[in-house]
Structure formats: C-alpha cells, structure tokens
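Hi,

Here is the structure I promised to pass on. Have a look at it first, and my notes come right after.

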Amino acid sequence: MSSGMEVKTVSEMTANGETPEILFWVGCAGSFDQRAQKITRAFATILDKVGIRYAILGKEEMCTGEPVRRAGNEFLFQMMAYQNIQVLDNYGIKKIVTACPHCFNTLKNEYPELGGNYEVIHHTSFLQQLIDEGKLKMKEDGSFKGKRITYHDSCYLGRGNDIYEAPRKVLEALDAELIEMKRCRSKGLCCGAGGAQMFKEEEKGDRRINIERSNEAIESGASVIASACPFCNTMLTDGVKAKEKESDVAVMDIAELILAGMAS
C-alpha cells in the first residue's frame with residue numbers, strides 16, 4: 001500500500017507492545033492486483049476513519065493456498081496453510097477480517113482442520129456491524145442516493161457461507177434503490193472465476209460465464225454493479241467492457257461504495 005497510507009504491520013505493533021483489535025487479511029488480489037488494491041485502500045481508509053486499531057501481516061502474509069487446493073495440489077495447500085497458521089499463532093491473532101470471500105472461506109472453514117482456529121469475518125459483515133453500532137455514519141444526501149444498484153452474490157459468501165443479508169443491509173445504508181437480478185441469493189450465478197478458473201485458460205464452449213452474468217446485471221437497469229469479492233469484480237468488469245458499457249455501468253466493491261457515501 002504505497003499510496004501514502006500509514007498501515008501498521010503486526011510485527012511493528014508487537015515490537016511496540018501493542019496488539020491489533022483485528023488483523024486485516026489483504027489476500028493476493030488485494031495486494032497485487034491494481035484494481036483490487038483500490039478495494040484494499042478503501043477498506044483500510046474506513047477502518048482508519050472509524051478508529052479501529054488494525055494491522056496487516058505485510059510480507060509475512062502468504063497466499064491462503066485456496067487456488068492451489070481448488071486446482072488439485074493438496075500438498076502445496078497444506079504447506080502454505082501451515083506456514084500461515086504458524087505466523088498467525090506466533091502473534092496470537094484471534095480475529096481476522098478480509099475483503100476476499102476465497103480467503104474468508106479458507107481461513108474460516110478449512111484452516112481449523114489443520115489447527116488454525118480464528119474468528120474470521122468478511123468485510124461486508126464487519127461493515128454491517130459498524131453501521132449497526134453507529135460507528136459508521138452515512139451522509140444524508142450521498143452520491144448514490146436514489147441510484148439503481150444491483151448486487152452480485154459471491155459463491156463463497158452466499159452458497160458457501162449463507163451470507164446474503166449483510167451486503168444488502170450495507171447497501172441499504174446508501175439510500176440507493178437495490179435491484180435484484182433474476183438469479184440471486186442461493187440461485188445466483190457464479191462470475192466464472194471460482195475453482196481456480198481465474199488462473200487458467202478457458203475451456204471450449206459457446207458462452208463465457210462472466211459475460212452471461214454481466215449481461216444479467218446490465219439488463220437489470222442498474223448503474224452500479226456492487227460486488228464483495230475481488231475475483232467477481234474482475235470478471236464483471238471484463239463483462240461490462242465486452243458489452244462496451246463502461247460509461248453507463250460501474251463495477252464497485254461494497255467498501256468503495258461505503259467510503260464514497262460516508263459522513264466525514
């Protein structure tokens with residue numbers, strides 16, 4: 001995060017005898033993908049504004065191993081997971097928040113069998129908590145008031161972990177008009193990036209999943225497609241570009257929407 005932001009690492013905090021309230025798990029996309037870096041900055045800025053004492057692992061954070069496990073390399077997954085668990089336990093980390101549903105699902109549901117037990121929260125649920133507690137307040141006339149927003153359910157948030165309400169409740173705080181696509185919630189359509197498909201060449205077929213999903217979002221008449229996953233964000237952005245609708249439809253993460261609508 002070289003945007004002039006002061007983000008402490010856990011090792012820096014520990015050296016000063018401090019412990020973070022939460023560990024912000026940035027993830028590979030949030031660290032290295034230029035588009036996802038903006039989501040990382042947006043969420044970190046929100047944490048700063050509401051006064052949450054948080055830290056990141058920085059160079060000590062390794063990929064959770066989710067893509068390699070989905071691609072079938074169980075050995076490499078376990079190696080990566082054990083290394084992360086060692087680092088997390090070494091610092092006594094108890095609570096982790098991440099903006100990536102893939103990291104969220106793996107840390108929450110797959111690390112315990114390897115001995116890594118933490119309270120893991122997705123950033124949409126965390127934002128909902130902050131709004132419910134009155135720590136995060138929105139502008140009266142925010143820039144999204146009355147705008148039509150459609151929300152795309154990430155597979156790992158929705159079907160994988162039954163998180164449907166939190167992202168929608170967070171979007172309600174924007175005073176926007178939430179339009180549902182025909183395929184939503186438990187019947188939502190995947191963006192096409194899951195199962196390590198993000199990283200491999202596409203197979204033969206007559207349609208691309210991300211194009212089909214993006215078309216559904218565009219046809220809803222929304223001017224903003226809200227996502228809560230960096231992979232979904234990439235796939236939907238590509239779909240909107242393929243349709244040449246970039247000037248009409250924006251693809252934004254929920255954290256970016258909330259930051260834009262926050263009362264300063």
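Below is what I found, starting with the sheet and moving on to the helices.

Keep in mind that this is a predicted model.

The sheet: it is open, has four strands, and runs in the order E2-E1-E3-E4 with parallel pairing. At the edges you'll find E2 (54–55) and E4 (119–122), each of which pairs on one side only. As a reminder, strands of a sheet pair through backbone hydrogen bonds, either parallel or antiparallel. If you want to look at one pairing in detail, try E1 (residues 22–25) with E2: the two are joined in the parallel sense over two bridges. There, Leu23 stands opposite Ala55 of E2.

Helix H7: this one covers residues 123–132 and lies across E1, E3 (95–98) and E4. Relative to E4, helix H7 runs at about 85 degrees.

H7 with H9: how do these two helices pack? Helix H9 spans residues 165–172, and its axis is 8 Å from that of H7, at an angle of about 50 degrees. Angles between 35 and 65 degrees fall into neither the roughly parallel nor the roughly perpendicular class, so H7 and H9 count as oblique to each other. The crossing of H7 past H9 is left-handed.

As for who touches whom, H7 brings Thr124, Ser125, Leu127, Gln128 and Ile131, and these meet Ala166, Pro167, Lys169 and Val170 from H9. By type, five residues of this contact are nonpolar, three are polar and one is charged.

Cheers

Conventions: Residues are numbered from 1 along each chain as its sequence is written. This is a predicted model: local features need pLDDT of at least 70, side-chain atom pairs count only at pLDDT 80 or more; totals for chains, interfaces and linings use all residues. Side-chain values use heavy atoms; hydrogens and water are left out. Two strands pair if DSSP finds at least two bridges between them. Contact means heavy atoms within 4.5 Å. Axes are lines fitted to C-alpha atoms, for helices over the stretch in contact, and angles run from 0 to 180 degrees between N-to-C directions. Angles under 35 degrees count as roughly parallel, over 145 as roughly antiparallel, 65 to 115 as roughly perpendicular and the rest as oblique. A crossing is left-handed if the near helix is turned anticlockwise from the far one by less than a right angle, and right-handed if clockwise. Ala, Val, Leu, Ile, Met, Phe, Trp, Tyr, Cys and Pro count as nonpolar, Asp, Glu, Lys and Arg as charged, and the others, Gly among them, as polar.
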